[in-house]
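Hi,

Here is the structure I promised to pass on. Have a look at it first, and my notes follow underneath.

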Amino acid sequence: MSLNSEVAAFLDLVEDSQNGAFHQGTPEQAREAFERSSQQMRWDVPDVEVSEVRHLARDGAELTLRLYRPLHRGGVLPVLLFLHGGGFVVGSLDSHDGICREFCARTPCAVLSVGYRRAPEHKFPVALHDCADALDWLREQAGEFDLDLSRLVFGGDSVGATLATVLALEARAPGALKPCLQLLCYPVTDASQRRESMDLLGEGYLLESDTLEWFYQHYARRLEDRRDWRFSPLLSTDLAGAAPAYVALAGFDPLVDEGRAYAERLASAGGLLECREFSGHVHDFLRMRMVTQEVEAIYQELVSVLRTVMYPETV
C-alpha cells in the first residue's frame, strides 16, 4: 500500500505552511484555520438550490439547518441527512458545503446539513442531541418540502459519521424515524483506547493522534464519557437491527483500525452493506477533490450506493 502521490505532495505543502497543529492553539484559532483551509481547498462545486432554516433545540437554542435540492428536479425527493466532521470542535455548514452539493446534484437527492453546536462550549452529548432534534424538524417539515422519509439516509464524515451511526442505532426504538442506509466515511468509533494505526499513522498524514486527543478532551465532560457508546459506538453491546451501513475508510488514517473493527462488528451483527478502504488516501478525503482526481472516482462509488437505496426501482 502506497500513499497517493498527489496527496503526498499536498501533505508536504500543508507541513510547510502550517504554523502549528490544531492542538497547539485554542479552539477559536483552530476554527479559523479550518475555515480558511476549507476555502483554499474549495473546488468547482455543482450549482444546487440552497436554503437555510431555523429550528429550536430541546433546550431552546436555535439551530441552523441547511437544505440542498438539485436544480430543476421536481417532485418528492429522497433525503440524505449529512453531519459534518471536525472533531466536535471545528467544522461547519460552510466547511462541508462542497460535499453536500456533490451528493445533492449527483444522486440526485435533497441533503439536510446540520449546524450542531460544538465543543468546548457545548460538550457531550449536545452535538448528538442537536442532530436528533434536526430529525424532529425533518419529520415535521417533510411534507412541506416534498421529502420522502421512506428513502432517508443518515451519513457523515469523521465525527459526523459517528453521530450518524449513533442516530441509526437509536432509530431502532419504536416510532423513531428510520433510515434505509448509513453512509459512514472514516468514522470515529472508539475514543476510549489507542489502536496500532493511531501510533503508526498519528503524525504526518493530516489528522494527528494528538489532535484527536485534544478534540476528545474538549468534547467529553469527564473521562467516563469516552466509554459511553454514544461517544464510542464500537463499545455498544448490540449493533443488530440498525440500517445497513456502507463504511468508507482511508488507508493512511490514524482512525483506520477502529473503522475496520466497527465494520467487523457490523458484519457480525448482519448490518454491514460494505466496507471499502481507499488505501492510498488520508482522513478527510471527501474534501480533497482539488488535490487528486482519484476523489472523483470515490464520489462516483458513494453516489452509486446512494442511488441503489434511494432509487431501487431503477437498479
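Let me start in an odd spot: P120 sits in the loop between β4 and α4 (126-141). The model is a predicted one, so please read everything below in that light. What caught my eye at P120 is the peptide bond leading into it from A119, which is cis, with omega near 5 degrees. There is another cis bond from T107 to P108, this time with omega near -15 degrees. P108 belongs to the loop between α3 and β4 (110-115).

Two residues also have backbone angles worth a look. H72, in the loop between β2 (62-69) and β3, has a phi near 55 degrees, which is positive even though the residue is not glycine. D146 also has a phi near 55 degrees, again a positive value in a residue other than glycine, and you'll find D146 in the loop between α4 and β5 (147-157). I flag these because most residues other than glycine have a negative phi, and most peptide bonds are trans. As for surroundings, H72 is exposed, with a relative accessible area of 79%, while D146 is partly exposed at 37%.

Now the overall picture. The chain has nine helices and eight strands. Its radius of gyration is 18 Å, close to the 20 Å that the globule rule gives for 315 residues, so the chain is as compact as a globular protein of that length. The C-alpha trace spans about 50 × 40 × 40 Å along its principal axes. Of the 315 residues, 57% count as buried. If you take contacts between residues at least 6 apart in sequence, 78% of them join residues at least 24 apart.

On the surface side, the chain exposes about 12900 Å², and carbon and sulfur atoms supply 47% of that. For charges, I get 30 positive and 48 negative side chains, with the centres of the two sets 5 Å apart.

Inside, the largest nonpolar core has 105 residues. Those with the most contacts within this core are L80, F103, V111, L138, F154, L167 and L302. F103 makes a good place to zoom in: beyond its neighbours within four places in sequence, its contacts include L80, V111 and L302, along with F82, C109, L183, Y299, V303 and L306. F103 is also one of the buried residues of α3, as are D97, R101 and E102. Eight of the ten residues of that helix are buried, so α3 is largely enclosed by the rest of the structure.

Two more buried spots to click on:

- V90 is in the loop between β3 (77-83) and α3 (97-106), and at 0% relative accessibility it counts as buried. Leaving out neighbours within four places in sequence, V90 touches F22, A30, R31, F34, H84, G85, R118 and F215. F22 is 68 residues away along the chain, yet the C-alpha atoms of V90 and F22 are separated by 9.5 Å.
- Q182 is in strand β6 (residues 181-185) and is buried, with a relative accessible area of 1%. With neighbours within four places set aside, Q182 is in contact with F154, T165 and A168, and also with A242, A243, P244, A245 and Y246.

Cheers

Note on methods
Residues numbered from 1 in each chain as written. Predicted model: local features only at pLDDT ≥ 70, side-chain atom pairs only at ≥ 80, totals over all residues. Heavy atoms only, no water. Helix = DSSP H or I, 4+ residues; strand = E, 2+ residues; numbered from the N terminus. Rg over C-alpha atoms; globule rule 2.2 N^0.38 Å. Buried < 20%, exposed > 50% of the residue type's maximum accessible area, 1.4 Å probe, protein only. Contact = heavy atoms within 4.5 Å. Areas by Shrake-Rupley, 256 points an atom, 1.4 Å probe, with all protein chains shown as cover. Lys, Arg positive; Asp, Glu negative; His and termini not counted. Charge placed at Lys NZ, Arg CZ, Asp CG, Glu CD. Core = buried A, V, L, I, M, F, W, Y, C linked by side-chain atoms within 4.5 Å.
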